[in-house]
Amino acid sequence: MSVEVLTLLMFLILMASIAMGHPLAVTLAAVATIFGLIDNGFNFPALLGLFANNAWGIFLNYTLVAIPLFIFMAQVLDRSKVSEGLFDALYTVLGGLRGGLGLAVIVVSTVFAATTGIVGASVVAMGLMAGPALLKRGYDKSLSAGIICSSGTLGILIPPSIMLVVYGGLTGQKETSVGNLFAAAILPGLLLSGMYLLYVAVRCYMNPKLGPPIPAAERTATVLEKFTMTMKNFVPPFGLILTVMGTILAGVATPTEAAALGCVGALVLALVSRKLNWNVITQACISTARTTAMIMALFVGGKFFSVVFLSMGGGDVVADVLLGMDVNRFVVFAIMMAVVFFMGMFIDWAAILLVVVPIFTPIAMDLDFNPLWFAMMICINLQTSFLTPPFGYSLFYFKGVAPPEYSMGDVYRGILPFVMIQIFALATMIFFPQIITYLPDVFFGR
């Protein structure tokens with residue numbers, strides 16, 4: 001059987017197995033085992049040795065220690081309700097504007113994204129807090145759902161992001177180290193947040209019925225009270241962000257060391273807010289263990305898949321097809337981005353990274369793309385995977401905690417403009433790559 005046929009079959013069987021609902025990590029490993037045996041003449045001991053060596057290499061990767069640490073930090077912050085006080089403060093400050101409550105949701109989600117790095121935590125927290133509040137204030141249901149789902153996905157991009165840690169651990173290159181990826185993601189994350197704010201502000205200004213302001217009779221807080229509330233609730237989480245990110249960007253600590261520092265900071269914030277107790281610590285540890293085990297299982301299964309795929313020549317087949325096209329290199333880039341976008345409609349971001357990064361990265365290098373810029377474009381593209389039907393995780397996170405008045409049709413209609421904003425942001429960074437490369441150049445040099 002030719003390499004081309006094996007490559008096509010490997011992808012088709014993988015996609016079919018995922019569509020049938022089989023566990024992702026097991027599916028990746030099983031498909032890798034089947035095609036690995038076909039490729040090496042059913043030499044099982046040799047394949048087992050190949051898998052053992054690659055699995056051991058994953059477990060020796062020091063960078064991946066940051067994953068459970070950042071997850072634990074996120075779990076403690078989520079359970080200590082740090083975001084609730086900030087939402088209440090910004091609700092008071094911005095509520096008098098058209099769409100002000102929606103703008104508050106985006107700002108809080110941006111701050112929360114920078115302290116958690118986990119989309120599920122952000123969307124669920126804002127769905128519980130803001131979903132009923134937006135409904136009560138007469139906000140358009142589709143717009144409300146779009147605001148919460150899209151701003152909640154910022155957690156996968158704005159550092160410290162688990163996705164960026166996974167990407168850095170996959171490549172092992174200096175150009176795409178976790179520190180460089182964190183620095184590169186700051187401006188794109190803030191750009192997306194700013195675009196969301198601008199979109200909501202303009203739409204609600206043009207049509208106040210979409211996001212009416214809080215009635216004047218309910219706006220009783222003085223300027224000093226608003227300032228005090230905001231500082232009291234904004235400074236602690238922002239201080240934690242500066243501590244974690246500042247130590248990485250200043251070169252004082254590695255991402256793993258900064259993650260450990262973030263865990264201590266999260267525990268201190270929970271203690272100061274009087275939310276730290278044995279139950280919070282226990283539940284945070286249990287959730288961290290479960291999530292870490294899931295991610296590492298995906299890592300191992302994805303590594304098995306990629307090593308078999310590359311060893312049998314599948315990577316060369318894909319490279320020959322893309323590099324053999326007599327077109328501009330940005331057409332090839334667009335094809336790769338389209339593949340990532342399409343896969344994001346059906347597959348979890350972790351599986352996509354584990355499958356496409358080993359294949360597409362060498363092609364991008366052959367086309368002379370900046371490896372850091374290319375990495376960030378994939379990560380920004382993958383953010384849309386949380387919003388695109390039929391399997392956008394953020395949509396289901398929100399629907400699971402939202403009031404029953406929100407229908408799935410409201411959610412689907414609400415996210416479409418925000419998906420278009422993300423695609424527009426992606427195009428913007430093609431024409432202005434400095435948005436991605438500027439901060440890494442400032443902090444780490446060219």
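**Group meeting talk: a tour of an all-helix model**

Let's start inside one helix. In α11, the buried residues are Thr230, Asn233, Pro237, Leu240, Ile241, Val244, Met245, Thr247, Ile248 and Leu249. Keep in mind that this is a predicted model.

Why might such a list skip along in steps? An α-helix has 3.6 residues a turn, so residues three or four places apart point the same way.

Stay with α11 a moment. The helix covers residues 223-249. There is a kink of about 35° at Val235. The proline Pro236 comes shortly after that point. What follows the helix? Gly251 does, and its phi is positive, near 80°.

Now step back to the whole chain. How many helices and strands does the protein chain have? There are 20 helices and zero strands. The chain has 446 residues. A compact globule with that many residues would have a radius of gyration near 22 Å, and this chain has 22 Å, so the two agree. Along the principal axes, the C-alpha trace spans about 80 × 45 × 45 Å.

What about the inside and the outside? Buried residues make up 53% of the chain. The accessible surface comes to about 18800 Å². Carbon and sulfur atoms account for 69% of that surface.

Next, contacts along the chain. Take those with a separation of 6 or more. Of these, 80% join residues 24 or more positions apart.

And charges. The chain carries 20 positive and 19 negative ones. Their mean positions lie 17 Å apart.

Now a few single residues. First, two that are buried.

Ser287 sits in helix α13, residues 278-311. Is Ser287 buried or exposed? Ser287 counts as buried, because its relative accessibility is 16% and the cut-off is under 20%. Which residues does Ser287 contact, leaving aside neighbours within four places in sequence? They are Gln75 and Arg79.

Thr384 is in a loop instead, between α17 (371-383) and α18 (393-401). Thr384 is buried too, with a relative accessible area of 3%. Not counting residues up to four places away in sequence, Thr384 touches Phe341 and Gln422.

Pro433 is another loop residue, placed between α19 (408-431) and α20 (434-444). Its relative accessible area is 26%, so Pro433 is partly exposed. Where is Asn370 relative to Pro433? The two are 63 residues apart along the chain, and their C-alpha atoms are separated by 9.3 Å.

Last topic: backbone angles. Most residues other than glycine have a negative phi. Here are two residues to look at with that in mind.

Phe42 is not a glycine, yet has a positive phi of about 60°. Phe42 lies in the loop between α2 (24-39) and α3 (44-59). Buried or exposed? Phe42 is exposed, with a relative accessible area of 60%.

Asp368 also has a positive phi, near 65°, and is a residue other than glycine. You will find Asp368 in the loop between α16 (349-366) and α17. At 65% relative accessibility, Asp368 counts as exposed.

To wrap up, here is what to look for on the screen. Find the kink at Val235 in α11. Then find Ser287 in α13, with Gln75 and Arg79 in contact. Finish at the loops that hold Phe42 and Asp368.

Key: Residues are numbered from 1 along each chain as its sequence is written. This is a predicted model: local features need pLDDT of at least 70, side-chain atom pairs count only at pLDDT 80 or more; totals for chains, interfaces and linings use all residues. Side-chain values use heavy atoms; hydrogens and water are left out. Helices (H or I, at least four residues) and strands (E, at least two) are DSSP runs, numbered from the N terminus. The radius of gyration is taken over C-alpha atoms; the globule rule is 2.2 Å times the number of residues to the power 0.38. Buried means under 20% relative accessible area, exposed over 50%, partly exposed in between (1.4 Å probe, protein chains only). Contact means heavy atoms within 4.5 Å. Accessible areas come from the Shrake-Rupley method with a 1.4 Å probe; for residues, only the protein chains shown count as cover. Lys and Arg count as positive and Asp and Glu as negative; His and the chain ends are not counted. The place of a charge is taken as NZ of Lys, CZ of Arg, CG of Asp or CD of Glu. The bend at a residue is the angle between axes fitted to the seven residues ending there and the seven starting there.
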